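Subject: Structure handover, aromatic contacts

Hello,

Here is the structure I promised to pass on. My notes on its aromatic rings follow below it.

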Amino acid sequence: MGDLNIYSDEDDEFPQQLRIVKVIRHQQHRFSAKYYDVALMQLEKNITVHETVAPACLWLDDEVRFPKLYAAGWGRTGFGEDKTNILLKVDLTPMNNTQCSKFYTSSERGLRNGLHAHHLCAGDEKMDTCPGDSGGPLHVKLLHNAKMTPFLVGVTSFGKPCGQANPGVYARVSSFVEWIIETLQKEGELATVYKFQPWTCALRYVHVREYEDDVVVSRSNNFETYNSDKAHLVGGDSLQRVDIFWENSIVPSRHNCSGVLIERDAIATLADCASHMGLRSSVKVVLIW
């Protein structure tokens, strides 16, 4: 972990190498088939969280609504090519299973029932994951707090000869979240659904996440300078937003409630904004134009 060139001891300042003490395969996985191809590995001790090594978050939604996903690994660089010494990444386009079934039919070895809902396909006309990349991440980086957090969407599973415009197939992480949490709990981990919610996970390690490119002013060796004024915030407002307020005579004052106009006489807002100091908000609403 924290290494880029796995055949060099001089390229990275903070690598970590830990023993695997336990492997737990999904109970429905069979080596003769390509279903339920996911496993958890327990390390001998906790990693040291650092800018170069930090846990990813899990994408919990079955819907993958991103135009691009990113895969990484030390696998082969092409069909019949050698494995790479340096960690490489590739941009891939997700594909729905109906389209992907044109490439992977039930006649495929290990796919007697064709593609399953827990399969996820992604590919590119020229680039692909290759042998040696198996088990690696298919992820997306999402912006928050001027930081970029990786969300694991899929795990590299299988494919056809790489680099020939064939999509690869990945284990869809959202299909296995329940199994992951239950397995961690059985192993004595304090794993809850709340702990894996996107906002909870993203904020847990926000201090070591990389800044979005717009905020970075310069990079030199291992140092970066930032300008938070360039954070990805867009000015302006929407025609349907409303401002909910209370009379200024109410102490302490409150000015942190908004809502959305969903009908000419109806606003959707938080239940917490229904009252302040035991008083309901003013029926007068300022519409932002």
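A residue is called buried here when its relative accessible area is under 20%. Please keep in mind that this is a predicted model.

By that cut-off, Tyr-36 and Phe-176 are both buried. The search covered the whole structure and came back with four aromatic pairs. One of them joins Tyr-36 and Phe-176, in an edge-to-face arrangement with 6.4 Å from centre to centre and 80° between the planes. Tyr-36 is in the loop between strand E1 (20–25) and strand E2 (39–43), while Phe-176 is in the loop between strand E9 (168–172) and helix H2 (177–186), so this pair ties together parts that are 140 residues apart in sequence.

Another edge-to-face pair is made by Tyr-104 and Phe-158, with centres 5.7 Å apart and planes at 90°. Here Tyr-104 belongs to the loop between helix H1 (97–100) and strand E6 (119–123), and Phe-158 to strand E8 (residues 147–158), so the parts tied together are 54 residues apart in sequence. Tyr-104 and Phe-158 are both buried. The ring of Tyr-104 also has a charge over it: the charged end of Lys-160 sits there, 5.2 Å from the ring centre.

Two further items. Trp-59, Phe-66 and Phe-151 make up one aromatic cluster. Lys-147 has its charged end over the ring of Tyr-211, at 4.7 Å from the centre of that ring.

Regards

Methods: Residues numbered from 1 in each chain as written. Predicted model: local features only at pLDDT ≥ 70, side-chain atom pairs only at ≥ 80, totals over all residues. Heavy atoms only, no water. Phe/Tyr/Trp six-rings, centres within 6.5 Å; stacked < 30°, edge-to-face > 60°. Helix = DSSP H or I, 4+ residues; strand = E, 2+ residues; numbered from the N terminus. Buried < 20%, exposed > 50% of the residue type's maximum accessible area, 1.4 Å probe, protein only. Lys NZ or Arg CZ within 6 Å of the ring centre and 35° of its normal.
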